[in-house]
Amino acid sequence: MSLTTAGGASQQAFSNTSNVVDQLGMAIVSGDYAERTMIPLDPDLEEMFGVSRTVIREAKKTLVGKGLLQSKAKVGTRVRPSSDWSMFDPDVLRWHVSLRNAGPFLDELFAIRMVFEPAAAASMAERAEAREIDILSRQCKILQNASDRLSYAVASSDFHKTILHFSGNRFLSSLGEMVQTAFFSVVSRDLAENDGKWLMLDRSKAGQDYAHVVDAIAARDAKRAEKTMAIAVQETKKLHM
């Protein structure tokens, strides 16, 4: 076998494994394989996906690492409770974003945003430079002038990511970026279905809330920045739920 052929075989095996991981992962997250239930045995999975046992085992090993599966010798492979899933894993987030009914997932996203985004605003108020506050202020104006839901969603996401970035906390920035990306993906997917709702919402109120965040940060008032950001996140939830 030539090196080129060997490399192609390796790439094919990786592609097959990724495909099985993706389909099994999505089936678990969507509830096709319920929590605490057994998934099909390896021979059945081999037949379902048309792949080798090695591919199935590698795929299962990957899903075990993501917290979705638990495998025991002579017992089989069981779906773990969703409370054990690695929710900050990019694939697990992506599978949740793909759910047709993403309402419960959005509820959880907003709950985690309420934990760290007010803290990020407070941190930025304590340490931000004038240049950073000017950037945030310009983004706020873009958000307030958004003429449609997509433009508003993009501007809102940029605004929140900026605060997370300028918080000076790498953990807040990294986790926040991931959550914001997942949130934006859900919102973008649902634009066509819910665009009528956008026309009836008081966007000026949400824009004012963001302006209050900027004012608090510019005043170096960490407590007020934390409070106003919590209000802004709550108003964003009204726009998108």
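Helices α2 and α3 are roughly perpendicular to each other (that label covers angles of 65 to 115 degrees). Let's work out what stands behind that, and then look around the rest of the protein. You're looking at a predicted model, where local features need pLDDT of at least 70, side-chain atom pairs count only at pLDDT 80 or more, and totals for chains, interfaces and linings use all residues. Residues are numbered from 1 along each chain as its sequence is written, and side-chain values use heavy atoms, with hydrogens and water left out.

**Exercise 1.** Describe how α2 packs against α3, and sort the residues of their contact by class.

*Solution.*
- Step 1: find the helices. α2 covers residues 42–49, while α3 covers residues 53–65.
- Step 2: check the geometry. Their axes, which are lines fitted to C-alpha atoms over the stretch in contact, sit 9 Å apart at an angle of about 105°.
- Step 3: list the partners, where contact means heavy atoms within 4.5 Å. From α2 come D42, P43, L45, E46 and F49, and they meet R53, I56, R57 and K60 of α3.
- Step 4: sort them. You get 4 nonpolar, no polar and 5 charged residues. (Ala, Val, Leu, Ile, Met, Phe, Trp, Tyr, Cys and Pro are nonpolar, Asp, Glu, Lys and Arg charged, and the others, Gly among them, polar.)

**Exercise 2.** Give the order of the helices and strands, starting at the N terminus.

*Solution.*
- Step 1: count. The protein has 11 helices and 2 strands (DSSP runs: H or I of at least four residues for helices, E of at least two for strands).
- Step 2: line them up. The order is α-α-α-β-β-α-α-α-α-α-α-α-α.
- Step 3: look at the contacts with a separation of 6 or more. Residues 24 or more positions apart make up 70% of them.

**Exercise 3.** Work out how α6 is oriented relative to α7, and which residues meet there.

*Solution.*
- Step 1: α6 (residues 130–144) and α7 (residues 149–166) have axes 9 Å apart and pack at about 165°.
- Step 2: so α6 is roughly antiparallel to α7 (the cut-off is over 145 degrees).
- Step 3: E132, I135, L136, Q139, C140, I142 and L143 of α6 meet Y152, A155, S156, D158, F159, T162, I163 and F166 of α7.
- Step 4: the contact divides into 10 nonpolar, 3 polar and 2 charged residues.

**Exercise 4.** Decide whether E132 and A27 are buried or exposed, and name what they touch.

*Solution.*
- Step 1: recall the cut-offs. Buried is under 20% relative accessible area, exposed is over 50%, and partly exposed is in between (1.4 Å probe, protein chains only).
- Step 2: E132 in helix α6 has a value of 8%, so E132 is buried.
- Step 3: leaving out residues up to four places away in sequence, E132 touches M124, R127 and F166.
- Step 4: A27 belongs to helix α1 (residues 3–30) and is buried too, at 11%.
- Step 5: with those same close-by positions left out, A27 touches D32 and Y33.

**Exercise 5.** Find where R36 and K74 lie, and give the phi of each.

*Solution.*
- Step 1: know the background. Most residues other than glycine have a negative phi.
- Step 2: R36, in the loop between α1 and α2, has a positive phi of about 70°.
- Step 3: K74, in the loop between β1 (69–72) and β2 (76–79), has a positive phi of about 65°.
- Step 4: add the accessibility. R36 is exposed at 52%, and K74 is exposed at 92%.

Terms used
Axes fitted to C-alpha atoms, helices over the stretch in contact; angles between N-to-C directions. Parallel < 35°, antiparallel > 145°, perpendicular 65-115°, else oblique.
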